[in-house]
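Hi there,

Here is the structure I promised to pass on. Have a look through it first, and my notes on what turned up follow below.

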Amino acid sequence: MSNRTFTMIKPDAFASGYTGAILKQIEGAGFRIVAMKLTRLSAEKAGEFYAVHAERPFYGELVDFMSSGPIVAAILEKDNAVEDFRKLIGATNPANAEEGTIRKLYAKSVGENAVHGSDSNENAAIEGNFFFSAFERI
Ligand code: GDP
């Protein structure tokens, strides 16, 4: 799985109509879409996805935000996918993100930051499995 990562276009970016532009940037950077769906997380599912952050002060806000509207979830494939995708999306806080990164271009704030990207190969596999069964991957 080291050539795969997992992403979500978060509710802020979907609601703002940035889905097409973000997917264009992702494909333009050489990532192949292996699986993709438009869906919506319940608060329970959002809490489960971000369980690692349960003790953080922003956890409640994060769960509310991630369950506030539709998201696009996708598995992406490319050599060195996890690291290259983190570079493409930029820093968690868009104020610190490099010019041209997806978060610099489309994120509103540290919380409403447009996209998710897995932070390790292990989490990429876990997160992909959270959303997709084997037959949903191309
Ligand atoms: P990421 O790996 O760059 O997504 O960042 P983290 O794993 O540190 O945090 C996960 C997600 O929690 C971020 O992408 C944000 O949506 C949210 N988040 C992180 N820090 C804050 C914060 O200080 N306030 C709020 N409201 N949300 C945050």
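Let me start with helix α5, whose buried residues are A81, V82, D84, F85, L88 and I89. Please keep in mind that this is a predicted model. The cover over those buried α5 residues comes from several places, including β1, α2 (19-28), β3, α6 (102-106), β4 and α7. Just after α5 comes G90, which has a positive phi near 85°.

**The strands**

Strand β3 spans residues 71-77, and seven of its seven residues are buried. If you look at which way they point, I71, A73, I75 and E77 go one way while V72, A74 and L76 go the other. Both sets are buried.

What does β3 pair with? On one hand there is β1 (residues 4-9), joined to β3 by six bridges in an antiparallel arrangement. Within that pairing, F6 sits opposite I75, and R4 sits opposite E77. On the other hand there is β2 (residues 32-39), also antiparallel to β3, with seven bridges between them. Here R32 is the residue that stands opposite E77. That makes E77 a nice residue to click on: R4 of β1 faces it, and so does R32.

Strand β1 is worth a look in its own right. Six of its six residues are buried, so the rest of the structure largely encloses this strand. R4, F6 and M8 point one way from β1, whereas T5, T7 and I9 point the other way, and all of them are buried. Besides its pairing with β3, β1 pairs with β4 in the antiparallel sense, over three bridges. The β4 bridge partner of M8 is H116, a residue that comes back below in connection with the pocket.

**Helix α7**

Which residues of α7 (residues 121-131) are buried? They are A124, E127, G128 and F131. Seen down the helix axis, these fall within an arc of 100°, so they line one face of α7. They pack against β1, β2, α3 (43-49), β3, α5 (81-89) and β4 (115-117). The link between the two helices can be read from either side: α5 is on the list of what the buried residues of α7 pack against, and α7 is among the elements that cover the buried residues of α5.

**The largest pocket**

The largest pocket has a volume of about 690 Å³. It is lined by 26 residues, and the closest to its centre are K10, Y50, H53, L62 and H116. The elements that contribute two or more residues to this lining are α3, α4 (59-66), β4 and α7. Which of the elements gives the largest share of the lining? That is α7, with four residues. By class, the lining has nine nonpolar, eight polar and nine charged residues.

**Two backbone oddities and one loop glycine**

Most residues other than glycine have a negative phi. Two residues caught my eye on that account. N80 is not a glycine, yet its phi is positive, at about 55°. You will find N80 in the loop between β3 and α5, and its relative accessibility of 39% makes it partly exposed. The other is A114, again not a glycine, with a positive phi of about 70°. A114 lies in the loop between α6 and β4. Is A114 buried or exposed? It counts as buried, because its relative accessibility is 0%, and the cut-off for buried is under 20%.

Finally, G100 belongs to the loop between α5 and α6. With 41% relative accessibility, G100 counts as partly exposed. Leaving aside residues up to four places away in sequence, G100 touches Q25 and L105. If you would like a distance to try in your viewer, take the C-alpha atoms of G100 and D12: they are 88 residues apart along the chain and separated by 18 Å.

Happy browsing, and do write back with any questions.

Best wishes

Key. Residues are numbered from 1 along each chain as its sequence is written. This is a predicted model: local features need pLDDT of at least 70, side-chain atom pairs count only at pLDDT 80 or more; totals for chains, interfaces and linings use all residues. Side-chain values use heavy atoms; hydrogens and water are left out. Buried means under 20% relative accessible area, exposed over 50%, partly exposed in between (1.4 Å probe, protein chains only). Two strands pair if DSSP finds at least two bridges between them. The arc is that of the directions from the helix axis to the C-beta atoms. Contact means heavy atoms within 4.5 Å. On a 1 Å grid over the protein atoms alone, a cavity is a set of points where a 1.4 Å probe fits but cannot get out, and a pocket is an open set with protein on both sides within 12 Å along at least five of seven lines; lining residues have an atom within 4 Å of a point. Grid points are joined across faces, edges and corners, and a volume is the space filled by probe spheres set on the points. Ala, Val, Leu, Ile, Met, Phe, Trp, Tyr, Cys and Pro count as nonpolar, Asp, Glu, Lys and Arg as charged, and the others, Gly among them, as polar.
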